Amino acid sequence: MAPADIRITAEPIDTGRCKFVVSEPVHGGGVRRFASPDDASGSPLAEGIFAIPGADVAEVIVSGNLVTVVKRGPAPWQTVGKAVGQVIRAALAGASPAVAPKPVAPATLGADDDTLYERVADLFESQVNPMVARHGGRVELIDVQDAVVMVRMAGGCQGCGMADVTLRQGIEAMLQQHVPDVKGVVDITDHAAGSNPYFAAAKK
Amino acid sequence: MLRPDTPRLLLLLPTATYRTAAFVEAARRLGVVLTVASERPSTFQDANPGGLVTLDLSEPDRAAAQARAFAREHPLQGVVGVDDDTAVVAAAIATALGLRGNDVAAARAARDKHEQRTSLATAGVPVPHFRLFPVDEDPRRLAAGVPYPCVLKPLRLAASRGVIRADTQEDFVAAFERVKRILEQAGCATRSILVEDFVPGREYALEGLLLAGELRVLALFDKPDPLDGPYFEETIYVTPSRLPAEEQRAVAACAGRAAAALGLREGPVHAELRVNGSGPWLIELAARPIGGRCSGALRFGTGGSGLGTWASLEEIIVRHALGMQIPSLERESQASGVMMIPVPGAGVLREVRGVDEARRLPLVEEVVITAHPDQELVPWPEGARYPGFIFARGDTPEAVEAALRAAHRRLQFVIASD
């Protein structure tokens with residue numbers, strides 16, 4: 001597919017975070033999280049995003065057809081987003097994969113994330129999902145990288161006006177209590193696509 | 001690990017608010033311990049009893065008693081309400097717990113349009129001439145005694161829902177019956193309709209913060225689209241205002257007098273005023289921040305290269321409630337604006353086209369579609385939900401306004417009207 005045919009939708013979450021929904025799969029090997037330019041080495045898409053001038057990118061998370069970018073710079077997403085779109089198109093048009101496969105981590109590090117994944121997965125299955133199911137919701141554990149948990153919300157949670165409360169006061173609080181080694185939670189949900197949110201917002 | 005002296009904020013978040021993400025994020029950035037209170041229980045409440053609590057947000061006194069019980073185990077240092085109803089609840093809780101906030105009577109006066117008009121008129125604040133009619137009165141009889149044009153308003157509905165202009169007696173009768181139906185649909189306990197003179201002129205919105213009774217203006221927005229009725233769905237807000245400085249000072253003074261007349265002393269205020277040859281007229285003043293997602297148009301401080309150098313409106317409100325130092329109340333130097341996307345028609349939303357194209361336009365920073373697929377869109381005056389918001393920033397208010405309009409023109413809403 002020619003780069004011009006690739007459709008990319010930017011969905012800013014706030015001034016620091018923005019999700020880019022790409023019409024083509026960007027990375028089929030699960031979730032990859034890049035927390036620095038060094039992490040990004042070998043993955044043209046992430047390398048390019050970290051190199052965007054003035055954005056001061058702090059993090060890039062790639063999963064399926066979603067690219068989530070966290071920046072520290074003051075440049076607005078209107079500017080940075082265009083550059084991100086160019087990088088994504090160029091990376092997908094390149095000869096090498098846009099995102100390299102997840103490297104086999106040293107045994108200790110890999111074991112840490114793998115262990116955390118198992119513990120978080122158990123918590124989600126035994127406690128988190130039965131709770132959100134009462135509102136018709138579901139929370140998928142996508143991956144754990146560098147002790148950061150990546151989740152995707154579905155059902156009544158997707159697009160729900162209280163999704164941030166569920167994430168921070170519910171899921172994150174439970175993780176702090178039951179899996180304290182977890183350093184953070186990232187929501188990679190495409191909330192705009194939620195067609196049946198449990199709570200919908202109205203002005204004032 | 002949190003320090004023992006980390007303050008705990010009680011955030012009153014109705015489940016239908018747009019403001020969840022902005023306030024939760026503000027609390028996170030400031031590192032405060034957050035307790036979220038809603039009118040319906042979170043499914044996580046048992047798992048996080050200090051972080052989630054259910055309060056009866058429809059009964060401020062009862063909510064205050066519930067909050068007092070909660071605070072015995074989880075001491076609270078501040079309380080914030082995010083909308084008209086929770087502003088009253090926050091005042092009741094602040095009073096009960098000795099926290100920073102408004103008197104309940106003041107918050108109630110701001111909440112009820114008739115009580116507000118009465119207080120302001122008594123204090124000499126310019127407000128439209130008004131009267132209150134029970135919904136059970138015969139509108140044909142009332143119509144003969146009302147000057148035209150006039151505006152009919154429910155006392156407590158938000159977002160100009162049910163607000164209708166009438167130019168003739170026939171208009172009045174039709175509008176009266178329509179407002180009555182809207183009140184019934186909304187389940188309003190208040191069975192009266194406020195009727196006030198229509199005030200011609202341009203409309204402005206003032207965002208402010210009360211500090212010990214002193215109003216600090218955070219932003220004055222122009223509303224460049226005429227709001228002349230018959231319905232009053234809002235569209236564009238742009239700041240800084242293009243009003244001459246002297247008139248801006250008059251607007252701020254009018255809002256300050258209104259806040260004082262109501263007895264408000266602490267926290268956010270959002271005022272809507274009209275300006276004509278007679279000067280500013282106070283149309284509404286609420287003890288809460290700007291509605292919807294519109295606060296995204298505001299940021300404070302000087303920015304810079306590091307994360308966190310801009311402060312959001314919500315951060316300022318949280319800091320104020322907790323007595324934390326507020327680094328700056330100065331809005332950024334750039335012009336900024338937001339468009340509340342008008343409801344394009346009645347029906348079920350299938351799809352919104354052109355969003356990417358709108359986002360790519362110069363100065364456009366964000367296009368947020370908050371209506372979800374298959375959501376029923378209801379136009380004003382029955383409706384109160386915008387399908388989305390457009391944000392833009394630029395060097396001048398004119399450029400920002402043009403960008404918002406250009407972005408809106410790119411959007412196409414696909415609606416099934418069956």
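What follows is a friendly conversation about a predicted model with two chains, A and B.

Biologist: Let's start with chain A. How many helices and strands are there in chain A?
Modeller: From the N terminus on, the elements run β-β-β-α-α-β-β-α-α-β-β-α-β. Sorted by type, chain A has five helices and eight strands.

Biologist: Thanks! What radius of gyration does chain A have, set against the globule rule for 204 residues?
Modeller: Along the principal axes, the C-alpha atoms of chain A fill a box of roughly 50 × 45 × 30 Å. The globule rule gives 17 Å for 204 residues, and chain A comes close to that, so chain A is as compact as a globular protein of that length. The radius of gyration of chain A is 17 Å.

Biologist: Where in chain A does pLDDT stay under 50?
Modeller: Chain A averages a pLDDT of 84, and 90% of the residues score at least 70. Where pLDDT is low, the predicted coordinates should not be read in detail. The stretch to treat that way has one contact beyond four places in sequence, and it is residues 107-111 of chain A.

Biologist: Good to know. How far apart do the C-alpha centres of domain 1 and domain 2 of chain A lie?
Modeller: The domain assignment of chain A gives domain 1 as 3-93 and domain 2 as 107-193. Contact between them involves 11 residues of domain 1 and 10 residues of domain 2. Their C-alpha centres lie apart by 22 Å.

Biologist: Which strand supplies the largest share of the side of domain 1 of chain A that touches domain 2 of chain A?
Modeller: Strands S2 (17-22), S3 (27-34), S4 (57-64) and S5 (66-71) of chain A each supply at least two residues of that side. By class, the side has five nonpolar, three polar and three charged residues. The largest share is three residues, and it comes from S3(A).

Biologist: Over to chain B, then. What radius of gyration does chain B have, with its 418 residues?
Modeller: Chain B holds 11 helices and 21 strands, and its C-alpha trace spans about 65 × 50 × 50 Å along the principal axes. A compact globule with 418 residues would have a radius of gyration near 22 Å. Chain B agrees with that, at 21 Å.

Biologist: What distance separates the centres of domain 1 and domain 2 of chain B?
Modeller: Chain B is divided into domain 1 (8-109), domain 2 (129-197) and domain 3 (334-418). Taken over C-alpha atoms, the centres of domain 1 and domain 2 of chain B are separated by 33 Å.

Biologist: Which helix gives the most to the largest nonpolar core?
Modeller: That core has 175 residues, of which Leu282(B) and Ile390(B) touch the most other members. The helix that gives the most, with nine residues, is H3 (84-97) of chain B.

Biologist: And how many residues are in the second, separate core?
Modeller: Val151(B), Val179(B), Ile193(B) and Val195(B) are included in this second core. Its residues number 18.

Biologist: Now the place where the chains meet. Which element gives the most to the side of chain B that touches chain A?
Modeller: Here 49 residues of chain B are in contact with 42 residues of chain A. Elements giving two or more residues to chain B's side are helix H1 (20-30), strand S2 (33-38), helix H10 (355-359) and strand S18 (364-369) of chain B. By class, that side divides into 21 nonpolar, 16 polar and 12 charged residues. With five residues, the element that gives the most is H1(B).

Biologist: How many of the 11 residues of H1(B) are buried?
Modeller: The buried residues are Thr20(B), Ala21(B), Ala22(B), Phe23(B), Val24(B), Glu25(B), Ala26(B) and Ala27(B). H1(B) is thus mostly covered, and its buried residues number eight.

Biologist: Which helix of chain A is included in what covers the buried residues of H1(B)?
Modeller: From chain B, the cover includes strands S1 (8-12), S2 and S15 (311-312) together with helix H9 (313-322). From chain A, it includes helix H5 (163-178).

Biologist: One last thing: which residue takes a positive phi just after H1(B)?
Modeller: The phi there is about 70°. The residue is Gly31(B).

Technical notes. Residues are numbered from 1 along each chain as its sequence is written. Chains are lettered from A and ligands numbered from 1 in the order in which they are written. This is a predicted model: local features need pLDDT of at least 70, side-chain atom pairs count only at pLDDT 80 or more; totals for chains, interfaces and linings use all residues. Two residues are in contact if their C-beta atoms, placed from the backbone, lie within 7 Å. Helices (H or I, at least four residues) and strands (E, at least two) are DSSP runs, numbered from the N terminus. Ala, Val, Leu, Ile, Met, Phe, Trp, Tyr, Cys and Pro count as nonpolar, Asp, Glu, Lys and Arg as charged, and the others, Gly among them, as polar. The radius of gyration is taken over C-alpha atoms; the globule rule is 2.2 Å times the number of residues to the power 0.38. pLDDT is the predictor's confidence in each residue, from 0 to 100. Domain bounds come from an automatic or database domain assignment. A nonpolar core is a set of buried Ala, Val, Leu, Ile, Met, Phe, Trp, Tyr and Cys residues joined through C-beta atoms within 7 Å. A residue is buried if 20 or more other C-beta atoms lie within 10 Å of its own, exposed if 12 or fewer, and partly exposed in between; C-beta atoms are placed from the backbone.
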